[in-house]
Amino acid sequence: MSPIQTTKMTNYRWIICAMLFFATTVNYMDRQVLSLTWKDFIAPEFHWDDHHYGIITAAFSILYAVFCLFAGKFIDWMGTKKGYLWAIFVWSVGACLHALCGWVTLKYVGLENMTALRAVQAGSNIASSVAMVSVYLFLFCRAILALGESGNFPAAIKVTAEYFPKKDRAFATSIFNAGASVGALAAPLSIPPLAEAFGWEMAFIIIGGLGFIWMALWVFVYDKPNKSKHVNAAELTYINQDAEVEDPKEANDEGSQISFAKCFTFKQTWSFIVGKFMTDGVWWFYLFWAPAYFSDQFGYKSSSTMGQMLIFVLYLIVTVVSIFGGYLPKLFVEKRGMNPYSGRMLAMLIFAFFPLFALFTQPLAMWESSPINPAWWPAIIIGLAGAGHQAWSANLFSTIGDMFPKSTIATITGIGAMAGGLGSMLIQYYSGKLFTFAENQGSAFTFLGFEGKPAGYMIVFCFCAVAYLIGWCIMKTLVPKYKPVVVED
């Protein structure tokens with residue numbers, strides 16, 4: 001028996017996974033600051049309506065999409081250590097800059113202080129100017145935030161491929177991807193109280209500052225596994241079990257390079273693009289609009305105890321349920337002998353049915369004789385639908401490592417994230433327009449028995465419910481079975 005086989009394996013890969021989890025948690029908390037403060041803190045000061053917020057979230061989505069197209073290539077070129085540092089530095093700066101939007105708006109429109117700003121009469125010319133100027137300022141800050149955040153998932157997925165064998169990647173991805181849920185879970189318990197106590201500006205600064213702490217840790221924690229002093233030979237052998245080499249230290253970390261243009265010639269790329277385009281916008285809709293939904297539908301502000309508890313329970317369900325999503329294909333591979341791709345696609349089909357719960361959101365929200373507060377039904381249902389998304393997403397990300405060389409994983413992840421951002425832009429923008437239109441029309445606007453704004457929400461929930469099944473069918477058509485990309489030297 002070789003010394004490697006008798007040496008107890010280190011588990012440093014899980015320390016790296018924890019760092020990815022921390023980064024993703026901070027990533028989503030930075031996104032959530034605006035969604036948890038705009039309705040109750042920012043909108044009254046700047047005279048925003050749903051359409052203004054829809055414009056900002058849609059712009060963030062399309063900018064994120066554009067930046068993702070190049071962020072992956074940047075990460076592949078720069079490397080995961082330096083590339084990740086740059087990404088989180090930029091988005092942390094962008095997050096903190098939001099705090100200056102109020103002060104710059106005051107200077108631009110010529111008002112003396114925030115008291116004068118709040119005293120501006122709604123519907124007046126100066127109110128329109130305040131709204132316009134502030135929207136443009138927030139768009140600028142969201143652009144910087146989007147630029148930095150576009151690097152998170154390409155870097156995280158590439159690190160996962162470096163530190164985990166194929167059979168474990170979906171599980172590892174589900175763990176770090178749970179940071180999105182935990183970030184959304186922690187956000188309603190921390191951000192509204194911060195905004196209430198210190199002002200919405202300090203909420204942006206405090207949450208944005210967490211990224212700089214992560215940077216200080218990453219400098220000392222990360223090295224590639226074959227260079228890390230914390231990874232012993234036994235763990236390195238486990239990590240590189242898919243590589244066809246005798247010495248794990250000689251495993252090719254990257255593989256053959258694939259040009260950016262050539263990536264679009266593979267059906268595997270388009271399969272990932274479709275999966276992201278059809279489903280990312282659904283998750284971002286829940287992320288961006290859930291606090292406003294509970295405020296509109298039930299009158300629970302994000303700063304209220306009930307409003308915070310509804311969002312907390314929603315994302316608690318997402319966090320607990322979704323983490324098992326990455327473990328399911330591992331069971332399929334180890335217990336049923338399926339190849340990783342087939343196991344992942346079967347798991348994704350199962351999780352594609354979870355979002356169908358969204359069809360019941362509005363009917364149960366309007367259930368007058370409900371034995372419990374009707375607001376809890378949407379929290380539970382959206383939580384289950386969101387859990388389905390996160391489990392789906394963990395497996396979808398892992399299909400890249402199944403079929404592409406490590407040198408191109410971040411690039412393909414960025415291309416898919418671009419498609420997801422584009423899909424999100426469409427759903428955010430048109431949701432904002434739809435909700436404003438439906439509210440103005442009142443009872444004249446109906447859909448499936450609902451009137452006004454509730455009818456608008458029902459329309460969006462219907463799309464959210466079926467998007468995953470549509471996406472899965474197209475993906476399966478494009479890549480019906482496991483077929484890794486082979487690049488000739």
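Here are a few friendly notes on the aromatic rings in this predicted model.

1. Let's begin with the overall tally. Searching the whole structure turns up 49 aromatic pairs.

2. A good pair to open in your viewer is W38 with Y53. Their ring centres are 4.2 Å apart and their planes meet at 5°, so this pair counts as stacked, because planes under 30 degrees apart fall in that class. W38 belongs to helix α2 (residues 12-46) and Y53 to helix α3 (residues 50-78), so the contact ties together parts that are 15 residues apart in sequence. Both W38 and Y53 are buried.

3. For another geometry, have a look at F260 and F264. Here the ring centres lie 5.7 Å apart with the planes at 75°, so the pair is edge-to-face; the cut-off for that label is over 60 degrees. F260 is partly exposed, at a relative accessible area of 25%. F264 is also partly exposed, with a relative accessible area of 25%.

4. W38 and Y53 also turn up in a wider group. Ring pairs join them into a cluster with F285, Y286, W289, Y293, F294, F298, F435, Y457 and F461. If you colour by residue, selecting these names will bring up the cluster.

5. Finally, there are charges over rings to check. The charged end of R31 sits over the ring of Y28, at 4.7 Å from the ring centre. In another case, R142 places its charged end over the ring of F60, 5.0 Å from the centre of that ring.

Technical notes: Residues numbered from 1 in each chain as written. Predicted model: local features only at pLDDT ≥ 70, side-chain atom pairs only at ≥ 80, totals over all residues. Heavy atoms only, no water. Phe/Tyr/Trp six-rings, centres within 6.5 Å; stacked < 30°, edge-to-face > 60°. Helix = DSSP H or I, 4+ residues; strand = E, 2+ residues; numbered from the N terminus. Buried < 20%, exposed > 50% of the residue type's maximum accessible area, 1.4 Å probe, protein only. Lys NZ or Arg CZ within 6 Å of the ring centre and 35° of its normal.
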